[in-house]
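Thanks for making time this morning. I would like to walk through one model with you, going from a single helix outwards to the places where domains and chains touch.

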Amino acid sequence: MPRVAIVRRELPMAMSALAKVFVILLGMLIAVALVSTVTRTRIDIAFATLLQSLVNLNVFVYISTLLPIAVGLCIAFSANAWNLGAEGQLVMGAVGATFAALYTPLGSQEIVAPVVSIIFAALLGALWALPAALLKMFRGVNEALTTLLMNFIAYYTTNYLVKGPWRGRAVYGYPTTDMVPRQARIPMAPGYSFSWYVVAACIAIALLAYLFLYKTRLGAALRALGSSPRFVELIGVSSRRLYLIAFLLSGALAGFAGGVKLLVYHGKLVEGPIVGSGYGFTAIMLAWLGGLNPLLLIPASYYTAALYILSFGLQIGSAAIGDALANTIVGSLLTLALLADFLTRYKLVLR
Amino acid sequence: MRKPFLQTVNLCKRFGDVIALSDVSLDVYPGEVLIVLGENGSGKSTLAKILYGLYFPDKGYIKVEGISIVFSSPMEAKRKGIFLVSQRPQLIDDMTILENVAMFLGEPPSRDLRKRLYALLNELGITVDIDRGVHTLSYTEKQFVDLAKVLMARPRLLIVDEAATYLPRELKQRFLNIVKGLRAKGSSVMYITHKIGEAIEMGDRFAVLRRGSVVGVFGLGVDASTLRQAMFGSEEYLTRIAKGFTQGAPQKPAALSVENLLVFDEYGKPAVNGVTLTVGAGEIVTIVGIAGNGQKELGEAVVGLRRVSRGRVRLNGVDVTHMPACERVRRGLVYVPEDPFREGVAMGLTIAENMKLFSQTKVSRELLETVTRKLDVRPSNPLVAVAKLSGGNVQKVSLSRLLLTTPKAVVAYSPTRMLDEKSRVLALNMLQRLADAGSAVLLLSEDLEEALHASTRVCVMVSGRIVRVFEGPDLEGYREVIERVMVHA
């Protein structure tokens, strides 16, 4: 019987890069095959739709949400802070933005309103990440569990708000708030549901995060925290403070994404699962797909967004499978990426 | 004509751009101790790892009793009776000693195994509770537990990769005797070291590696200078440790002081019990003792990695007892930790990134180059990840903190561990130079050699207490007394 053994190996950079490109292409093929099967579309049409998706400006709708969250997670994961609560932090970001826009006088001031709302969103996102960080730092509670559970608290808190005290007066009993004032909205690109300002901000965030992680002492220490907290202490940097920074930054960025989503797209607070719609979880996969490098996250989020558009694009008129298909595709893609990562580091020997 | 138990045929291994081994062909005969000698980063450990199935060679193969084979996992090597004791103990921290051994041997942790393990530990002269979690052991304790674990498997070829080099003298002697016992029973030993003296004492044959190639194989009766010549080539280097001018100098103000310190270990037992100690600026004070007598806990308490239950730690007169480690480091206390891999460097970062982190201020490219050249880190490319370096080179990176800062006080735990002769001298000279420049140096060591060479004062630590202090211009003369005190207090 042939036996399989797993052997470590080291490929040159070029080969590893080639493997990634291969995975990306293979992922597209899988996506096309899957979409055409599920929606009963001819394969050539599905393929054409894929190509259209790649040049469809609507990718920015998804990039605007996914990219900042993934950048935040990239910072957290680099420091071994396992924040799985981006979904909840995103939702609470939307709540924060709604509060500032609807329930403070600042909400009706031109220019000031969106800025203040976004700041509120980021603050509430960070605040939502804080308990898990504190529990981990002072009580050693596993942060992966606490952050995950906080997601549900965020969902239901939002549901309570939109069904209870914040339910709008002009919404005919639907579980939403009133629309936020026009002054607080971020203007969309004509004909699309994204904003160029936000896209620019997201790319700037990715660039800044890269500079922070790879060009500053604090950023390098943060990456070192992933391998050894004691090493970090011994170079004179507080490992606790660093951990807190990593956690709060990722929470703030998820909150930022939630605020943006609300001010650009929804325009009013809706039920938690609808605000979140799983982007916080997709972003976890995206962070790994980009190899925890903020710069690589830009193409990775573009690619993921295109696959989203593909799976939605072919569903018009067919059964509303919605996010399910998109998430299946992105999920299988990540599996593939991880497999490729494994195969570039190890090889299988048959004998 | 004897047949070799194991042969390596043209083994080659590359890591990215770094060539670790090129065309290494060696034979190991039954009943012999083959020494593999080489300086840090010469490819010794890579060779060991290939023989043990941890690395897969790029080219070449192995023959075991004439049959060609390439191991793809240690399990296969173990099946052929080949075992490795490496410089980093291969134990699972969250398990007990017994569980580790049982898992390694693939048998249940039965009463019988327990009895056999205790018997072997007895033979090695080690008293340790085998139901203790491995994470509570000191680095040296882990090393001999790892050794015992492998000896339990009755190896046909035992590869010793620097594992014995840092054992306390007495324990090491017993270990060497056991190795010689293995040889008498017809097993082979591949003994990897960079210490020439140890090599000559142990070996039947000597293979010298330099930059990944075998540069010579010598028989019994070879002398030290021939081996040194082969190891380092014709390079000139210092073998003398520079002595400072601080010996016998008048009392300096205490830069680092510890007062009646009480520190507990993981089990709530006092590991450091009432230690009082003063290190003046410009002094090198060494604490020697057999591993597990509280030196590790003392070092960690001084630098702030371990909680102090009673007593005071002062740095330049400031009470730092309850400050976090990072705060003490910022105030000029530098710690060279016991385990360079886990605490001394960030393995995922590059050499340059690690070095830059050591300094609180910006490090210029020139300084970085100077430090790399001075420490002779190999490969010298600063953009290589530290994870790719050999053990000795990882330790050099960890030591670079001494060149990148001007500390008020230094606490160093066995800083020459894993270093070859040349780098060892360099490291001790670095400490001396820091002392000359006014730093207070507290050296925690299990190596009496190092202690006697470097210090102005030697304190012997036994069971968490400092039992004797030796001082004076001729510490060398106290060697025998110190050894006796270390073992029986």
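Just after helix H1 of chain B comes Gly53(B), and its phi is positive, near 80°. Please keep in mind throughout that this is a predicted model. The helix itself, H1(B), spans residues 44-51 and is mostly covered, since eight of its eight residues count as buried. Among those buried residues are Lys44(B) and Lys49(B), alongside Leu47(B), Ile50(B) and Leu51(B).

What, then, does this helix pack on? In chain B there is an open sheet of six strands, with mixed pairing, and the order across it is S6-S7-S8-S3-S9-S10. At its edges lie S6 (82-85) and S10 (213-218) of chain B, each of which pairs on one side only. From one strand to the next, the twist averages 20°. If we look at one pair in detail, S6(B) runs parallel to S7(B), residues 157-161, over four bridges, and within that pair Ile82(B) stands opposite Leu157(B). H1(B) packs on this sheet, where it touches S3, S6, S7, S8 and S9 of chain B, and its direction makes about 150° with that of S7(B).

Moving out to the domains, chain B is divided into domain 1, residues 6-232, and domain 2, which is made of 254-332 and 405-487. Taken over C-alpha atoms, the centres of these two domains of chain B are separated by 31 Å. Where they meet, domain 1 of chain B contributes 14 residues and domain 2 of chain B contributes 18. On the domain 1 side, helix H5 (139-151) and helix H6 (169-184) of chain B each supply at least two residues, and that side has three nonpolar, six polar and five charged residues.

Now to the contact between chains, where 27 residues of chain B are in contact with 22 residues of chain A. On the chain B side, the elements giving two or more residues are helices H10 (325-330), H11 (340-344) and H12 (351-358) of chain B. By class, that side of chain B divides into 16 nonpolar, six polar and five charged residues.

Finally, a residue in chain A: is Ala19(A), which is found in helix H1 (13-38) of chain A, buried or exposed? It falls in between, and Ala19(A) is called partly exposed because 16 other C-beta atoms lie within 10 Å, whereas a buried residue would need 20 or more. Leaving aside neighbours within four places in sequence, Ala19(A) is in contact with Ala340(A) and Thr344(A). The C-alpha atoms of Ala19(A) and Ala337(A) are 9.2 Å apart, although 318 residues separate the two along the chain.

Conventions. Residues are numbered from 1 along each chain as its sequence is written. Chains are lettered from A and ligands numbered from 1 in the order in which they are written. This is a predicted model: local features need pLDDT of at least 70, side-chain atom pairs count only at pLDDT 80 or more; totals for chains, interfaces and linings use all residues. Domain bounds come from an automatic or database domain assignment. Two residues are in contact if their C-beta atoms, placed from the backbone, lie within 7 Å. Ala, Val, Leu, Ile, Met, Phe, Trp, Tyr, Cys and Pro count as nonpolar, Asp, Glu, Lys and Arg as charged, and the others, Gly among them, as polar. A residue is buried if 20 or more other C-beta atoms lie within 10 Å of its own, exposed if 12 or fewer, and partly exposed in between; C-beta atoms are placed from the backbone. Two strands pair if DSSP finds at least two bridges between them. Axes are lines fitted to C-alpha atoms, for helices over the stretch in contact, and angles run from 0 to 180 degrees between N-to-C directions.
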